[in-house]
Protein chains: 2
Amino acid sequence: MRIQTLTIVGVGLIGGSIGLAAKRRGVAERVIGAGRNSASLERARALGAVDEALLDLSTAVHQADVAVFCTPVDRVVEQVLGTASGCKAGALLTDAGSTKEQIVRGIETRLPRGVAFVGSHPLAGSEKRGPEHADADLFQGRLTIITRTAQTDPTALERTAGFWQALGSHVRIMSPQEHDWTLALTSHLPHLVAAALADILPTEAYPLTATGFRDTTRVAAGDPALWTAIFGHNRHAVLSALVRFEEKLAGFRKTLEAGDWTSLQNLLSHAKKVRDALGN
Amino acid sequence: MRIQTLTIVGVGLIGGSIGLAAKRRGVAERVIGAGRNSASLERARALGAVDEALLDLSTAVHQADVAVFCTPVDRVVEQVLGTASGCKAGALLTDAGSTKEQIVRGIETRLPRGVAFVGSHPLAGSEKRGPEHADADLFQGRLTIITRTAQTDPTALERTAGFWQALGSHVRIMSPQEHDWTLALTSHLPHLVAAALADILPTEAYPLTATGFRDTTRVAAGDPALWTAIFGHNRHAVLSALVRFEEKLAGFRKTLEAGDWTSLQNLLSHAKKVRDALGN
């Protein structure tokens with residue numbers, strides 16, 4: 001895959017890593033970064049993640065053959081719809097958001113002719129933010145989910161898959177709904193749980209935390225506004241996952257209350273089997 | 001601190017690391033490893049974590065100037081009491097268990113004259129097991145809690161502190177109760193929570209887990225029997241921590257149910273502040 005002009009909207013950790021990977025791998029001739037924060041854009045340019053930095057979204061997106069929106073999930077729809085009408089014929093627009101149903105539903109039937117949108121979510125990143133944490137190998141060997149609906153153009157889907165593969169990622173196609181319900185369990189619920197654990201830690205216990213507590217709560221350092229938007233988008237699936245989790249936790253509590261160590265050990269053994277299967 | 005003969009009962013990750021650190025730092029003239037598993041003992045000897053390996057606990061402990069019991073928390077009391085009577089005059093016994101109240105209470109008033117026990121818990125280690133994961137620097141810069149009660153001999157307490165400091169650790173003195181109630185929040189509850197998260201993950205979601213899920217559930221790979229024993233020892237404090245956690249989680253659920261994004265973001269912001277304060 002060879003893109004003439006790649007525009008990245010939002011050059012933080014993910015957007016910056018896309019730029020670095022695209023340039024390192026010769027995926028794009030020219031990379032334009034766009035965003036509202038000129039200091040962050042300038043850092044991305046200095047780091048070589050983008051060739052040009054523009055504060056005006058439309059100017060940046062209208063030059064693109066491929067544009068990737070790496071902005072908070074509650075901003076993607078308005079940004080795509082706000083810039084789509086001036087796009088080049090054949091332009092492919094995609095995103096990197098952690099939720100897919102509201103984004104894809106909000107965009108795909110409202111695009112002008114000749115402009116395609118396919119939802120994407122690279123399962124990479126961390127609790128860190130900003131282009132200074134960008135990494136050209138962030139997507140290497142990771143999975144990117146791309147979404148297909150009845151409206152999705154097959155050629156655009158294939159180009160989107162090719163784009164992420166060119167950055168080093170594997171791809172998997174799912175419906176936006178299936179994505180959101182699965183990610184509720186694998187990402188959004190763990191974030192809530194980590195935050196709740198951190199929230200009940202009294203100050204005097206801070207020095208007594210070791211790697212176990214730090215690993216278990218690491219994601220809670222993520223940006224609160226970004227995560228609130230994710231929970232807003234995926235509210236029903238997250239609530240359903242949370243209720244399931246609360247029931248499981250109540251099961252653990254009952255074994256402790258009853259001193260039923262056999263059942264507790266069985267629960268821990270099943271958890272170990274699951275965790276061992278995931279690798280490091 | 002210079003120990004003539006150091007005996008380590010249980011040469012897994014922790015016991016093996018004590019042996020490596022003691023030899024590397026010249027803390028002990030001779031290190032004896034004792035345990036029931038001859039293959040594991042032999043690996044520890046081959047790795048240089050112990051000089052001699054003995055399957056007979058009493059023979060090993062009776063030669064010790066200092067003996068450290070690095071066995072599951074539900075075995076420490078019987079092992080200490082079963083070997084204490086033949087110990088050298090002035091022998092110092094300690095342990096490395098994740099719970100302290102039941103261990104210290106079970107031992108300290110039942111020792112023969114001239115033999116002292118002080119409870120210890122190095123906040124180091126991981127979900128891995130076995131001497132092949134031992135690390136001479138495991139305690140470097142970490143915290144070891146040592147316990148003091150009305151019965152604790154001040155000289156023995158000082159020697160125990162000096163021992164862990166000689167291995168590179170900081171030390172902090174607490175009552176066994178304070179240790180157990182704090183560790184319920186910083187270690188035991190996070191383990192339960194991680195296990196419950198892993199327990200509800202359906203097989204088809206395994207490939208969609210990324211670093212967030214893996215960090216949050218890492219400790220769930222710990223040994224189920226060891227952890228069941230820990231929960232057995234610290235049942236009341238863990239139950240109390242669990243109820244507090246369940247209430248906090250219900251608070252998160254209510255914000256989602258009500259669509260109260262301001263309150264949710266406040267909860268997430270407080271969690272981020274706590275997590276940021278802990279560092280990596």
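This is a short walk through a predicted model with two chains, A and B.

Okay, let's start with chain A by itself. It has 11 helices and nine strands. The radius of gyration comes out at 21 Å, and the globule rule gives 19 Å for 280 residues, so chain A is as compact as a globular protein of that length. If you look along the principal axes, the C-alpha trace spans about 65 × 45 × 30 Å. Buried residues account for 60% of the 280 residues in chain A. And for the contact people here: take the contacts in chain A with a separation of 6 or more, and 72% of them come from residues 24 or more positions apart.

Now, the interface. How much area do chain A and chain B bury between them? About 7,600 Å², with 69% of that on carbon and sulfur atoms. In residue terms, 82 residues of chain A are in contact with 82 residues of chain B.

On the polar side, there are 26 residue pairs in polar contact across the interface, with both residues at pLDDT 80 or more. Which parts of chain A touch chain B, then? Strand 8, strand 9 and helices 7, 8, 9, 10 and 11 of chain A each supply at least two residues. Helix 10 of chain A gives the most, with 17 residues. Sorted by class, that side of chain A has 49 nonpolar, 17 polar and 16 charged residues.

There are also four salt bridges between the two chains. One to bring up on screen joins the side chains of A:Arg253 and B:Glu246, at 2.6 Å, N to O.

Let's go over to chain B and zoom in on helix 9, residues 224–233. This one is mostly covered, with seven of its 10 residues buried. Those are B:Pro224, B:Trp227, B:Thr228, B:Ala229, B:Ile230, B:Phe231 and B:His233. What do these buried residues pack against? Elements of both chains, as it turns out: helix 10 and helix 11 of chain A, together with helices 4, 5, 7 and 10 of chain B. Have a look at the start of helix 9 of chain B as well, where a side-chain oxygen of B:Asp223 comes to within 3.2 Å of the backbone nitrogen of B:Ala225.

Helix 7 of chain B came up a moment ago as one of those packing partners, and B:Thr186 is found in that helix. Is B:Thr186 buried or exposed? Its relative accessible area is 2%, so B:Thr186 is buried. Setting aside residues up to four places away in sequence, B:Thr186 touches A:Leu201, A:Ala205, A:Leu208, A:Thr209 and A:Phe213.

Last stop, B:Gly10. You'll find B:Gly10 in the loop between strand 1 and helix 1 of chain B. Why does B:Gly10 count as buried? Because its relative accessibility is 14%, and the cut-off for buried is under 20%. Leaving out neighbours within four places in sequence, B:Gly10 is in contact with B:Gly15, B:Ala34, B:Cys70 and B:Thr71. And if you want a sense of scale, B:Gly10 and B:Gly259 are 249 residues apart in sequence and 52 Å apart in space, C-alpha to C-alpha.

That's my tour, thanks everyone.

Notes: Residues are numbered from 1 along each chain as its sequence is written. Chains are lettered from A and ligands numbered from 1 in the order in which they are written. This is a predicted model: local features need pLDDT of at least 70, side-chain atom pairs count only at pLDDT 80 or more; totals for chains, interfaces and linings use all residues. Side-chain values use heavy atoms; hydrogens and water are left out. Buried means under 20% relative accessible area, exposed over 50%, partly exposed in between (1.4 Å probe, protein chains only). Helices (H or I, at least four residues) and strands (E, at least two) are DSSP runs, numbered from the N terminus. Contact means heavy atoms within 4.5 Å. A polar contact is a pair of N or O atoms within 3.5 Å; within protein, one must be able to donate a hydrogen and the other to accept it, and residues adjacent in sequence count only if both atoms are side-chain atoms. Buried area is the accessible area (1.4 Å probe) that two parts lose on being put together, summed over both. Ala, Val, Leu, Ile, Met, Phe, Trp, Tyr, Cys and Pro count as nonpolar, Asp, Glu, Lys and Arg as charged, and the others, Gly among them, as polar. The radius of gyration is taken over C-alpha atoms; the globule rule is 2.2 Å times the number of residues to the power 0.38.
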